[in-house]
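Visitor: I would like to learn how to read the features of a protein model. Could you guide me through this one, step by step?

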Amino acid sequence: MISKEKVAIITGATGGIGFEVAKRLGQDGYTVILNGIEDDAGAERVKELSAQGIKAEYYGFDVTSEEAVTSNITKIGEKYGKIDVLVNNAGGLGGRSRFEEMTTDFYRFVMALNLDSVFFASRAAIPFLKKGEHPSIINYTSNAGWTAGGPGAGVYGTSKAGVHAITRALAKDLAEYGIRANAVSPGTIDTPFHAQIKATKPEVFASWANNIMLGRLGQPEDVAGVISFLASKDASFITAETIQIGGGQALGI
Amino acid sequence: MSKLKGKVAIVTGGSRDIGRAISIKLAKEGAKVVVNYFNSESGAKKTVEEIKSLGQEAIAIKVDVSNLGDIANLKAKIVAAFGDKIDILVNNAGGLFARKTLEEFDEAFYNLVMDVNFKSTVFVTQAFEPLMGKGASIINLSSQAARDGGGGGSALYSSSKGAVSTFTRAMAKELGPKGIRVNALCPGLIGTKFHDDFTKDEVREKVAAGTPLRREGNANEVADLVAYLASDDASFITGNNIDINGGLAFS
């Protein structure tokens, strides 16, 4: 049976941008499925959303594990009979390493976290997205996909360039089913991603706003607002597109 | 739906096709709308009537937005009607006029195309920017043609839209510190009178078939994107040229 609810899956949703996206889609009327690897945090987040009247569930699995992603996404799809939106939010820098010292394990981990995860989750979701309403996949690329990232972030940049291309490839491949695929490219967003520099060099962190046209760092809500739009019927002719959310940062000042 | 409640919006060329859809959509989201037009008085009247039937305010003002004296008149009339605070400016007016190759066009045609598409965007922005502040949004209509050079005989049109895309980025930098966001959108093949007039049916069918979503877009879909960019949900988006083409650009 196909659920009458709108169903959104957000990977990596126990903190930072992912949780804000889950909250926003919940406010938009979706039943939100949060994924993460910290089960306690996941339970807390579901409680927090439930208290706001949002229907939320948590599924703990590692997005780099093909088996875990496939079985969990399939379980979710079968439970609701469809998936309307898949937000491939999980990802990360994984650490900084220069190529000369880089281990193959590190390389594979960063690629798996940012790129394999998109492939695994999207592939598993396709049969259920086909039954969704104005269904879409939303991925995260990064300015690092163009610039190849800061010091030691070369693999991160490489993986995000891959996300840029797989987004377009998914858009082409799935268009015949009416499934759209788009990406967002957040600039500097004030999240735990930057916690270390915020704590150790607060003046450097604050100065980043000087390189942003709007004169401030982005907030997780800024990203959630874009994803809410891309998931909606109002974006029904937008596919294969990447939207920059950087307050103009990508253009330089 | 009231994402734009109480805001004042100007839509140049707002009487027909995409401009009309934008005017109505912004009104549906709660904005008061200035429907600028030049050729289509009946279209402007119809658009204003439709907005009023939704219980929203709108006025139609006829001026040529490629003429600086006319822009000054437009400004005076808007200030008299809605006050001196503008929240949303949609530089939509524009046109192809005719398909002419390098061998065919002359200086007068060059001036016409550049003036209506680019000069209008520049000087309407210059006129209204002083009335805009933090949270305001300027949205320019560029085109897929700015990305790919356009279809046959549209070199001047596509170049004028390329100028619009670049002007958009420059204004995002210049006006960002005031909290004004400036973005453009690049529509692909949208089913409108524009293509009824200038594009052969077989070309349209071929392009639609080659578009990943296998169809033309419609004016309402472009209007939805404009309303989104004007809203606070887009509060960190500036300097962007957003494609709306059903995936066409990469097919």
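**Reading a two-chain model**

Guide: Let us begin with long-range contacts. In chain B, residues 24 or more positions apart account for 74% of the contacts with a separation of 6 or more. In chain A the corresponding share is 72%. Please keep in mind that this is a predicted model.

Visitor: How many helices and strands does chain B have?

Guide: Chain B comes to nine helices and seven strands. Its radius of gyration is 17 Å, close to the 18 Å that the globule rule gives for 251 residues, so chain B is as compact as a globular protein of that length. Along the principal axes, its C-alpha trace spans about 45 × 40 × 40 Å.

Visitor: And what does the secondary structure of chain A consist of?

Guide: Chain A has nine helices and seven strands. With 253 residues, a compact globule would have a radius of gyration near 18 Å, and the 17 Å of chain A agrees with that. The C-alpha atoms of chain A fill a box of roughly 55 × 40 × 40 Å along the principal axes.

Visitor: How should I read burial, and what share of each chain is buried?

Guide: Burial is judged from relative accessible area: under 20% is buried, over 50% is exposed, and partly exposed lies in between. By that standard, 56% of the 251 residues of chain B count as buried. In chain A, buried residues make up 57% of the 253 residues.

Visitor: What is the accessible surface of each chain?

Guide: For chain B the accessible surface comes to about 10,200 Å², and 50% of it belongs to carbon and sulfur atoms. For chain A the figure is about 10,600 Å², with 52% belonging to carbon and sulfur atoms.

Visitor: How far apart are the centres of the positive and negative side chains?

Guide: One compares the centre of each set of charges. Chain B has 31 positive and 29 negative side chains, with the two centres 5 Å apart. Chain A has 24 positive and 27 negative charges, and their mean positions are 4 Å apart.

Visitor: Which residues have the most contacts inside the largest nonpolar core?

Guide: A core is read as a set of buried nonpolar residues joined through their side chains. The largest one here has 75 residues, and those with the most contacts inside it are Val32(A) and Leu26(B). Helix α9(B) gives the largest share of this core, nine residues. A second, separate core of 41 residues includes Ile33(A), Ile83(A), Val110(A) and Tyr156(A).

Visitor: What does Val32(A) touch?

Guide: Residues up to four places away in sequence are set aside. Among the residues that Val32(A) then touches are Ala8(A), Ile10(A), Leu25(A), Leu49(A), Ile54(A) and Glu57(A).

Visitor: Where is Tyr156(A) placed, and is it buried or exposed?

Guide: Tyr156(A) lies in helix α6 of chain A. Its relative accessible area is 12%, so Tyr156(A) is buried. Beyond its neighbours within four places in sequence, Tyr156(A) is in contact with residues including Gly92(A), Leu93(A), Val110(A), Asn114(A) and Phe193(A).

Visitor: Is Gln27(A) buried or exposed?

Guide: At 52% relative accessibility, Gln27(A) counts as exposed. Gln27(A) is placed in helix α1, residues 16-27, of chain A. Leaving aside neighbours within four places in sequence, Gln27(A) is in contact with Gln52(A) and Ile54(A). Separation along the chain and in space should also be read apart: Gln27(A) and Ser228(A) are 201 residues apart in sequence and 9.7 Å apart in space, C-alpha to C-alpha.

Visitor: Is Ser15(B), a loop residue, buried or exposed?

Guide: Ser15(B) sits in the loop between β1 (8-11) and α1 (17-28) of chain B. Its relative accessibility is 6%, so Ser15(B) counts as buried. Among the residues Ser15(B) touches, beyond those up to four places away in sequence, are Arg20(B), Asn36(B), Tyr37(B) and Thr47(B).

Visitor: Which residue of the loop between α8 and α9 of chain B has a positive phi?

Guide: Arg214(B) has a positive phi of about 60 degrees although it is not a glycine. Arg214(B) is found in the loop between α8 (201-210) and α9 (219-230) of chain B, and at 52% relative accessibility it counts as exposed. In chain A, Ala148(A) has a positive phi near 70 degrees. Ala148(A) is in the loop between α5 (144-147) and α6 (154-174), and at 41% relative accessibility it counts as partly exposed.

Key
Residues are numbered from 1 along each chain as its sequence is written. Chains are lettered from A and ligands numbered from 1 in the order in which they are written. This is a predicted model: local features need pLDDT of at least 70, side-chain atom pairs count only at pLDDT 80 or more; totals for chains, interfaces and linings use all residues. Side-chain values use heavy atoms; hydrogens and water are left out. Helices (H or I, at least four residues) and strands (E, at least two) are DSSP runs, numbered from the N terminus. The radius of gyration is taken over C-alpha atoms; the globule rule is 2.2 Å times the number of residues to the power 0.38. Buried means under 20% relative accessible area, exposed over 50%, partly exposed in between (1.4 Å probe, protein chains only). Contact means heavy atoms within 4.5 Å. Accessible areas come from the Shrake-Rupley method with a 1.4 Å probe; for residues, only the protein chains shown count as cover. Lys and Arg count as positive and Asp and Glu as negative; His and the chain ends are not counted. The place of a charge is taken as NZ of Lys, CZ of Arg, CG of Asp or CD of Glu. A nonpolar core is a set of buried Ala, Val, Leu, Ile, Met, Phe, Trp, Tyr and Cys residues joined through side-chain atoms within 4.5 Å.
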